[in-house]
Structure formats: structure tokens, C-alpha cells
Amino acid sequence: MKLQEINLNTSYLELDSVFYDRVNPTPLHKPYLISHNPEATKLIGLDAQEAQTQEFIDFVNGKELLEGSQPFSMCYAGHQFGHFVPRLGDGRAINLGETQGWNLQLKGAGPTLYSRQGDGRAVTRSSIREYLMSEAMHALGIPTTRALALIGSDERVARERWEKGAIVLRMSPSWVRFGTFEYFYHTKKHDKLETLADYVIVQSFPHLKDKEDAYFLMYNEVVKGTAELMAHWQSVGFNHGVMNTDNMSIASVTIDYGPYAFLDAYDFNYICNHTDQDGRYSFGNQPPVAYWNLSMLARSLSPIISMERMEKALESFGELFSQKYLELMRAKLGLHKQQQGDLGLLKHLLGVLGSQNIDYTAFFRALSHYDGHRVPLLALCVLQTPLNEWLDDYDKRLKLEESENRNEKMLRTNPKYILKNYILQEAIEKAEEGDLSLVNDLLKLAQNPYEEHSAFERYAKSTPPHHQNLKLSCSS
Ligand code: AMP
Ligand code: MG
């Protein structure tokens, strides 16, 4: 399809106007294309060649609106670091409309009613990070928003230093957040909770549409989806960094990529967000925080769903999380049968990885080649006894498996390439000097994390010590 042939629909505007604010994007000065994502153009049926046109840049810049597009920002509240903020909303995100199940949104396209003191802009640095990471997460099989294109510009944006403004065109099956419900609960617009729940059911849970118990079943789905999303994050070693309730998706996809990080060496207590001094959003705390966020959602929904029933549903969170996590970790270990001692074996391993400072991703990739020959694995640590002892247990456990193509399966489960912060930083620095090639190379790497990429072999190694455990600021 040509750009002109796409028709966007904006059903959110059919809700009461308290849900949104109609606002036009403020285009960036002298925009240029940094990257476009052919996988995402395919998702919305857009011809890949269209991305080469000036018209496409104008579209991503919010300068040219597609047929049917009626831009708007969404209103929501949220608990930020545990404190309730009565109104947040899309301060720098502008929705263009929906096509083929994807809701297109410009991030960084200028101020909205919800910008508060912000400028409505996003800088190149954080936009590159969001653009690449959403694609990386998708390729790892993790539910996430996607990114269609990224443009840069000459426009100066004030952060800790002067930076350049950029826009990511991102897309999601839904942009409704836990905080969207919180807004209507706390402003006591309880009839709007039903309106929103009806909208969410049509958009994200259409199979529940005619069910008598639809609202309760919707809450159940969110509990399950969130528990499974947490299991995915924990299994790949992803630390989101800002799990405020406004950054929690009702459709259980990863949203709002900020100061996130992948683990370097395994560290349960790792905190990627520089401003998170207490570690509320540390790696290990993600599942309990998700549970807490779900309890805030339950409170917001209490005028329309029995609290007692939601509390019961929430009780299943731990079990849902553990089941999914163990399933994902068994696959990472190449175990297909379920055995009593598997959780113990896994805990033992995580203890060794943590105490011996072993790179999480590099370890599982090396383990995917394991055939009894231990040298490549032992090369990942200084003190070898703890890992040797674990490998003795692992060898015993493998005897209970029959799977002949274990290595092959593990190589398709354990990525060789993940986008660690230092790798992204290299691409950002090059892009800021005008060289966009690494951003585009990393997109290919991110989208094919299980393949070999000989030119980028060094990115598959343990993170160099001076690059380990970088902390990022929220400023973006
Ligand atoms: P975040 O933690 O990035 O998801 O953002 C939290 C809230 O701040 C959201 O309501 C954002 O829309 C808003 N926000 C963040 N940065 C800006 C900005 N530069 N201009 C306006 N609003 C912003
Ligand atoms: Mg946010």
C-alpha cells in the first residue's frame, strides 16, 4: 500500500472528551530519516519503498496527516515511585489513529495539554534507545510496542546539555495504561470506568465481549498477561527501570522504554535507573512491583468489579508468574521434561552466576553449545569450582532428557546478541556525529538475535568490566 492509501481510524475519540485532548503535532525543524523498520511497515501493509520518500518523513514528523487521522493525546494518572499523581497523560506523545490493529503514535512531536513543565520533545539518544529496544524485545518473543521509524532533526532540545530533537513513530495494540483507569477512579468519574472497560474489551479482549462477567474477566486477563510479561523480562534479564502504573499496559505489552537495561553479569539487585535510589524498580523487584501495580488497578476498578473477586484473582499472580518463569528458564537450560529438582538447579545456577560475576546472556549462549566440554563455560569466570559443581548437577539432570537436538533448540532460545547499554551508547554517539550506520546495523542485530553476525562478534562477549552496570538517567 502507498502512504496515501492508508486510512486511520480514531475510535478513542468516540469516548467522552475527558479521555483525550485533540492536538496537532508540532513538526521538527529540518527532519531527516535515521531509520525505518521494514518489519513494521509490513505490519501495517505499507510498501517498504514508501519509506524512501519525503512524504514519509513528513508523515513521521506529524506534518502530513494520513486519511482519517485526527491526532489526540490521552489523559491518564499514575503512581510514580509509589506516589499518586492525579493527572499525567501523554505529555509528548500524539496518537494518529489505528490501522490493522496497530495504534500509531508519535513520541516527541511537541507539547500537549498534558505536558506540564515539559517541552513535548524527545531527544535523539532516548529515541534511538526506544526504537531499537522495542524491536529487540519483539525478536526475543516478548510482548512489546513496535517502532516503525525514527527521524532526527536540527532542533535544539534542552536537557542536562543541549541535544537534538527526534521523533519515534511507535505502534501498539493498545495505549491504555493502568493509570488511565486510575484517572477516572480518583476523579470519581466512575461511569467513565465502564466506558473505558468497554473500550478495552473491544480493543484488547474481544473474546470477552458478550460475557456476563466481562469486566472481571478483563481484570483476570490483565493479571495473567502481566505475570507472564514479568516472567519474560526476568528470563532474558531485562530491567525496565520505571514501572510506574502509567507505564503499565492494559494489554500487557512492554511500553515506554526509558532508562532500561539488560543485565550484564547476573545481579538480582541490579538497578538501571539512576534516580531509583531505593531500588523500587530493581531487576529482582519487578514481579512484586507488578503485583502492587495490579493491586492499584484493582482499587481503581472497584466501583465496577467486586473487590473480593479481584483480590482472589490477584492471589494467582505468584503462581502464574512462577509457572511461566520456570517454563522459560527450563527452555533456556535445554530441559524439556519437568523434574522435581529443576527449580533447585536453576537457583543454584543463578547463585553461581551472581557470586562469580558471570555474564548472563553470554553464559546461556555458551551453555547452548555445551556437549560435556567445559572449557568455554569455565572461561567465563575466574573461580571455577562453583560452576564446575553446578555443571556436575547439570550433567546428571541432562541424563534424564532424551532430546537429541538440545543444542539446536537452545541456540534458538538463548540469544547471542542483546542490546546492552554500552552497545546502544556506541550507536548513539556515532549518530550524534552524523553516522547513522550503527543504528541501522543494530536494528538488524536486534531483529535476528539468535543468528551469527561475524562483523559484530565482540558484542556477543561478556560486557567489558568498565561498561558493566551502567546507570541511566530518566531525562530523555
Ligand atoms: P515517562 O516516565 O517517560 O513515561 O513520563 C512520565 C510522564 O511525563 C508522562 O506523562 C510523560 O508524557 C511526561 N513527560 C516526560 N517527558 C516529557 C517532556 N519532555 N515533555 C512533556 N511531557 C513529558
Ligand atoms: Mg510513560
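By class, the shell around ligand 1 comprises two nonpolar, seven polar and seven charged residues; here Ala, Val, Leu, Ile, Met, Phe, Trp, Tyr, Cys and Pro are nonpolar, Asp, Glu, Lys and Arg are charged, and the others, Gly among them, are polar. The structure is a predicted model, in which local features need pLDDT of at least 70 and side-chain atom pairs count only at pLDDT 80 or more, while totals for chains, interfaces and linings use all residues. Residues are numbered from 1 along each chain as its sequence is written, chains are lettered from A and ligands numbered from 1 in the order in which they are written, and side-chain values use heavy atoms, with hydrogens and water left out.

Which residues come nearest to ligand 1? Of the 16 around ligand 1 (each with a heavy atom within 4 Å of it), these are Gly89, Gly91, Arg116, Asp119 and Gly120. Polar contacts (pairs of N or O atoms within 3.5 Å) can be followed one by one. A polar backbone atom of Gly91 lies 2.7 Å from an oxygen atom of ligand 1. The side chain of Asp119 has an N or O atom 3.0 Å from a nitrogen atom of ligand 1, and for the side chain of Arg159 the corresponding distance to a ligand nitrogen atom is 3.4 Å. On its own, ligand 1 has 480 Å² of accessible area, and the protein covers 80% of this (Shrake-Rupley method, 1.4 Å probe).

On the scale of the whole chain, there are two domains, with domain 1 spanning 3-172 and domain 2 spanning 335-411; these bounds come from an automatic or database domain assignment. Taken over C-alpha atoms, the centres of domain 1 and domain 2 are 42 Å apart.

Terms used: A polar contact is a pair of N or O atoms within 3.5 Å; within protein, one must be able to donate a hydrogen and the other to accept it, and residues adjacent in sequence count only if both atoms are side-chain atoms.
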